[in-house]
Amino acid sequence: MRNNDVQKIVLSALFIALVTVFTYIGVPWPLATGGYMHLGTLVSLIIAIKFGKEYGAISGGIGMAIFDIFSPYAAWAPGTLIVRLLVGFIVGKIAFDSKTNTQGTNFWWNLLAIIVGAVTMIAGYYIYESIFLIGFAAALGSIYGNMVQFTIGLFALIIVPILIRVEKEVFPEKNDK
């Protein structure tokens, strides 16, 4: 096994663990109906924007599905796995700036990625809940909660540039390439 493969496995496991742990950190939100407010979405968006579509998909999908399995939300685990895999992939794909060949450096691409990710998550959970859990009318009640969940994720727009600046200061040799 090459060092690059080992690095990918280790980073994937680390990111999955981070998303799982941060999903356990609930965020109180007034008038939140439907959905569980947590910091896992924020962390998964940061990972997708900064590290790309593969890490975003794997960490968001598997990390939050693990949380669901070990929580009262186990019925949501299959939907979470699929929806969050899609969200992480889409956000990471859009946040890639092909002009500069960089990941997460363009504010507007990052914002667009989060907006498209939010629409994907809201639609995905609505479809999953409607078909497999609570029915079409009742699933409408969780749309607001899912919108709020992604509002928390907007903080990624502040955190990612900070991570990029820190990376440039700590690892200046990466910038020479």
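Modeller: Let's fix a term to start with: contact means heavy atoms within 4.5 Å. This is a predicted model, where local features need pLDDT of at least 70, side-chain atom pairs count only at pLDDT 80 or more, and totals for chains, interfaces and linings use all residues. Residues are numbered from 1 along each chain as its sequence is written, and side-chain values use heavy atoms, with hydrogens and water left out.

Biologist: Fine. Which helices do the buried residues of H7 pack against?

Modeller: Helix H2 (40–51), helix H4 (77–94), helix H5 (107–133), helix H6 (136–139) and helix H8 (156–170). Helices here are DSSP runs (H or I, at least four residues), numbered from the N terminus. The buried residues of H7 (residues 141–153) include Asn146, Val148 and Phe150.

Biologist: What does Phe150 touch?

Modeller: Setting aside neighbours within four places in sequence, Phe150 is in contact with Thr41, Leu45, Val87, Ile114, Gly117, Ala118 and Met121.

Biologist: Why is Thr80 called buried?

Modeller: Buried means under 20% relative accessible area, exposed over 50%, and partly exposed in between (1.4 Å probe, protein chains only). Thr80 has 2%, so Thr80 counts as buried. Thr80 lies in helix H4.

Biologist: And what makes Ile134 partly exposed?

Modeller: Its relative accessible area is 43%, which falls between the two cut-offs, so partly exposed is the label. Ile134 sits in the loop between H5 and H6 and touches Glu129 and Ala139, not counting residues up to four places away in sequence.

Biologist: How do you know that H3 and H4 are roughly antiparallel?

Modeller: Helix H3 (residues 53–69) and H4 pack at an angle of about 160°, with their axes 7 Å apart. Axes are lines fitted to C-alpha atoms, for helices over the stretch in contact, and angles run from 0 to 180 degrees between N-to-C directions. Angles under 35 degrees count as roughly parallel, over 145 as roughly antiparallel, 65 to 115 as roughly perpendicular and the rest as oblique. The angle of about 160° is over 145, so H3 and H4 are roughly antiparallel.

Biologist: Which residues make that contact?

Modeller: Among them are Gly56, Gly60 and Met64 of H3, and Thr80, Leu81 and Gly88 of H4.

Biologist: Last one: what makes a set of residues a nonpolar core?

Modeller: The set must be buried Ala, Val, Leu, Ile, Met, Phe, Trp, Tyr and Cys residues joined through side-chain atoms within 4.5 Å. The largest has 20 residues, and those with the most contacts inside it are Ile49, Val91, Ile114, Phe150 and Ala156. H2, H4, H5 and H8 each supply at least two residues of this core.
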